[in-house]
Amino acid sequence: MDILAIVVPCFNEEEMLPISSKELREKLAELVAKGKISEESFILFVDDGSKDNTWELIEKEHNEHKEVYGLKLAGNVGHQYALTAGLITAKECSDVTISIDADLQDDINVFEEMIDKYHAGNDIVYGVRNKRKTDTIFKRATAQGFYRLMNFFGAKTIYNHADFRLMSKRALDHFANYEEVNLYIRGIVPLIGYKTEKVFYDRKSRIAGESKYPLKKMLALAIEGITSFSIKPIRYITLIGFISVFCSIAAFIYALVSYFLGIVEPGWTSLIVSIWFLGGVQLISIGLIGEYIGKIYLEVKRRPRYNIETFLSK
């Protein structure tokens, strides 16, 4: 019987953690009773440097329930690194993992379907949302735009899939070989290449606490994903440069013809607008190139992505 590890990254989740622990423990017991997984299966809560009582609650749950493990990181490193730490740690003592956020907005009732698809020979099973009924119109539009933009720039992503997925030990062993500092797990997992499947579910509203992914973080994640998996933006800069040159040549010819025809009108508006436009394009281009150079800078230093302070297991 396979040992299942449920990996749950947490950051300031003191309001939600007792609820999450209870629901996940009940689901784990249900799966064990059905003979789907081993009795040694466990839940691994990963504390990403929380500033509230999240870790104290994890310790309490661990002391009261043998199936609850805890991993405390030495400081806040961000969701993607915390999730990676949990997955890499869990794979050493499990056969298969399911990752899910602590808010449990993703539906734990599809765990069984995920495991069935794993037993059918799939190493990776993606949890994919049916619809975005719980999102605001703005968030729905920006999320759809994000996935389209990622695919446009050549990064393989699963539409309406976040970080709710099942991965076999074999898939995680290969995931561990991707050692880049600029982490975008949603883009890395499809690169592993093993047989995959999807399960579909309706996302629920958050029961307690606040979302840890406001617009600012979502934009940062989008930039991380695009610049980590595609060099197309730099190629588009070159294209814009050529277009600007051709436009400048055309404008010069037009100005020259107008001069000889005597229809020149004095005024600096067109000149100032063109200078501002080209100046803006240059600044954006330099900033984008700087983003790539910054990523190279972070990669070549090879600093550790996270440090583990405490690991509570059986």
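Let's start with a single side chain: Tyr236 is partly exposed, with 31% relative accessible area. Tyr236 sits in helix H9, which spans residues 232-261. Keep in mind as you look around that this is a predicted model.

Why does Tyr236 count towards a surface patch? Patches take residues with over 30% relative accessible area, and Tyr236 has 31%. Its partners in this nonpolar surface patch are Phe152, Leu239 and Ile243, and together the four residues offer about 370 Å² of accessible area. Helix H9 supplies the largest share of the patch, 3 residues.

Now step back and take in the whole chain. The protein chain holds 10 helices and 8 strands. Of its 314 residues, 45% are buried. The accessible surface adds up to about 16,800 Å², and carbon and sulfur atoms account for 61% of that. If you count the contacts between residues at least 6 apart in sequence, 83% of them join residues at least 24 apart.

Helix H4, residues 111-119, is a good place to look at how a helix meets its surroundings. Its buried residues are Phe111, Met114, Ile115 and Tyr118. Where do they lie around the axis? They cover an arc of only 95°, so they fall on the same side of H4. There is a general reason behind such spacing: an α-helix has 3.6 residues a turn, so residues three or four places apart point the same way. The cover over the buried residues of H4 includes helix H1 and several strands, among them E1 (4-10), E4 (96-99), E5 (124-129), E6 and E7 (196-201). After H4 comes Gly121, which has a positive phi, near 110°.

Next, let's turn to the charged side chains. How many salt bridges does a search of the whole structure find? The search finds 15. One of them pairs Glu30 with Lys27, and the closest N and O atoms are 3.3 Å apart. Both residues belong to helix H1 (residues 17-33), where a separation of 3 residues puts them about one helical turn from each other. Their surroundings can be told apart by accessibility: Glu30 is partly exposed at 32%, whereas Lys27 is buried at 8%.

Another salt bridge joins Glu92 and Lys91, at 2.7 Å from N to O. Here, too, the two partners fall into separate classes: Glu92 is exposed, with 55% relative accessibility, while Lys91 is buried, with 9%.

A third example brings Arg186 and Asp163 together, with 3.6 Å from N to O. This pair links distant parts of the chain, 23 residues apart: Arg186 is in helix H7 (residues 185-192), and Asp163 is in the loop between helix H5 (137-152) and strand E6 (165-168). Are these two partners buried or exposed? Arg186 is buried, with a relative accessible area of 10%, and Asp163 is buried too, with 5%.

Some salt bridges share partners, and in this way Lys27, Glu30, Lys34, Lys36, Glu112 and Asp116 are joined into one network. Follow that network to Lys36, which lies in the loop between H1 and strand E2 (42-47). The side chain of Lys36 makes a polar contact of 2.9 Å with the side chain of Asp116. Setting aside residues up to four places away in sequence, Lys36 touches Met1, Leu31, Glu112, Ile115, Asp116 and His119. Ile115 in that list is one of the buried residues of H4 that you met earlier.

Our last stop is Asp95, in the loop between helix H3 (79-90) and E4. Asp95 is partly exposed, at 28% relative accessible area. What does the side chain of Asp95 reach at 2.7 Å? It reaches the backbone nitrogen of Ile3. Beyond its neighbours within four places in sequence, Asp95 is in contact with Met1, Asp2, Ile3, Tyr118, Ser168 and Lys169. Ser168 is 73 residues away from Asp95 along the chain, yet their C-alpha atoms are separated by 6.3 Å. Tyr118, also in the contact list of Asp95, takes you back to helix H4, where Tyr118 is one of the buried residues.

Definitions and conventions. Residues numbered from 1 in each chain as written. Predicted model: local features only at pLDDT ≥ 70, side-chain atom pairs only at ≥ 80, totals over all residues. Heavy atoms only, no water. Patch = residues over 30% accessible without salt bridge, like charges linked within 9 Å, V, L, I, M, F, W, Y side chains within 5 Å. Areas by Shrake-Rupley, 256 points an atom, 1.4 Å probe, with all protein chains shown as cover. Helix = DSSP H or I, 4+ residues; strand = E, 2+ residues; numbered from the N terminus. Buried < 20%, exposed > 50% of the residue type's maximum accessible area, 1.4 Å probe, protein only. Polar contact = N/O pair within 3.5 Å; in protein donor to acceptor, adjacent residues only side chain to side chain. Contact = heavy atoms within 4.5 Å. Arc of directions from axis to C-beta.
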